[in-house]
Amino acid sequence: MKLLEDRILKDGRVIGNNILKVDSFINHQMDIALFNEIGKEFKRLFSDVRVDKILTIEASGIGIACITAQYFNVPVVFSKKILSNNIGTDYYKADVISFTKNTLYKIFVSKDYLKTGENILIIDDFLANGQAALGLINLINQANANVIGAGFVIEKSFQGGREKLLQSGIKVESLAIIKSMNDNKVIFE
Ligand code: 5GP
């Protein structure tokens with residue numbers, strides 16, 4: 001997606017050699033005009049299957065998932081990272097290794113919001129080594145729902161996440177695919 005690639009080149013910052021900071025338009029301040037174009041593009045890429053629900057992970061995926069859901073006319077569910085009282089006692093749970101923090105955390109979704117047979121589209125901001133998406137797939141599988149695909153705004157293809165998701169037989173679509181990041185320079189595939 002040319003618009004997104006141009007924005008990454010203009011406003012993205014490379015931290016070390018494997019973290020891309022996009023705080024000024026995705027992860028802290030959010031550019032809603034850009035999110036609208038992202039939502040339209042996900043709708044185009046996943047228009048061949050019925051989508052009942054979008055699943056994402058808090059916090060950064062929520063804004064993108066909500067705008068995207070307007071094009072599919074479906075609800076958004078986000079997995080929680082903290083088990084608050086109001087989730088109740090009936091929930092699905094999975095482990096995720098955090099790429100950015102290098103820690104293990106758990107994600108939770110109430111059994112009320114993932115149901116057997118539903119077609120679920122995963123949407124998230126980044127695909128790095130795929131752990132967050134694998135955690136979401138685990139939750140969907142526990143609910144006996146169907147993963148119809150996974151859409152990412154930015155993929156870092158040198159970190160191997162896509163291969164893991166393809167092994168699970170899932171359609172993967174990313175709007176900007178970065179093949180390398182060196183000396184603050186981003187190279188797209
Ligand atoms: P994965 O689980 O695929 O390794 O990493 C995906 C999650 O880590 C995303 O939900 C995102 O929040 C975070 N993440 C991974 N790589 C980056 C990055 O380069 N920049 C930012 N801002 N977040 C990242």
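**Ligand and largest pocket: close-up views**

**View 1. Residues around the ligand in the predicted model.** Of the 16 residues around the ligand, those that come nearest are L20, N129, G130, A132 and K156. By class, the shell around the ligand divides into seven nonpolar, six polar and three charged residues. At least two residues of this shell are supplied by each of β2, β7 and α5. β7 gives the most, with four residues.

**View 2. Polar contacts of the ligand with D125, G130 and A132.** At G130, a polar backbone atom is 2.7 Å from an oxygen atom of the ligand. At A132, a polar backbone atom is 2.8 Å from a ligand oxygen. For D125 the contact is made by the side chain, with an N or O atom 3.2 Å from an oxygen atom of the ligand. The ligand on its own has 510 Å² of accessible area, and the protein covers 88% of this.

**View 3. The largest pocket, in which the ligand sits.** The volume of this pocket is about 700 Å³. Its lining consists of 33 residues, and S98, F99, T100, D125 and F126 lie nearest the pocket centre. D125 also has the side-chain contact to the ligand shown in View 2.

**View 4. Elements that line the largest pocket.** Two or more lining residues come from each of the helices α2 (23–27), α4 (60–72) and α5 (131–142). The strands that do so are β2 (19–21), β5 (91–97), β6 (104–110), β7 (119–127) and β8 (146–156). The largest share, four residues, belongs to β7. The lining comprises 16 nonpolar, nine polar and eight charged residues.

Key. Residues numbered from 1 in each chain as written. Predicted model: local features only at pLDDT ≥ 70, side-chain atom pairs only at ≥ 80, totals over all residues. Heavy atoms only, no water. 1 Å grid on protein atoms, 1.4 Å probe; cavity = no way out; pocket = protein on both sides within 12 Å on 5 of 7 lines; lining within 4 Å. Points joined across faces, edges and corners; volume = space filled by probe spheres on them. Nonpolar A, V, L, I, M, F, W, Y, C, P; charged D, E, K, R; others polar. Near = heavy atom within 4 Å. Polar contact = N/O pair within 3.5 Å; in protein donor to acceptor, adjacent residues only side chain to side chain. Areas by Shrake-Rupley, 256 points an atom, 1.4 Å probe, with all protein chains shown as cover. Sits in = over half its atoms within 2 Å of the grid points.
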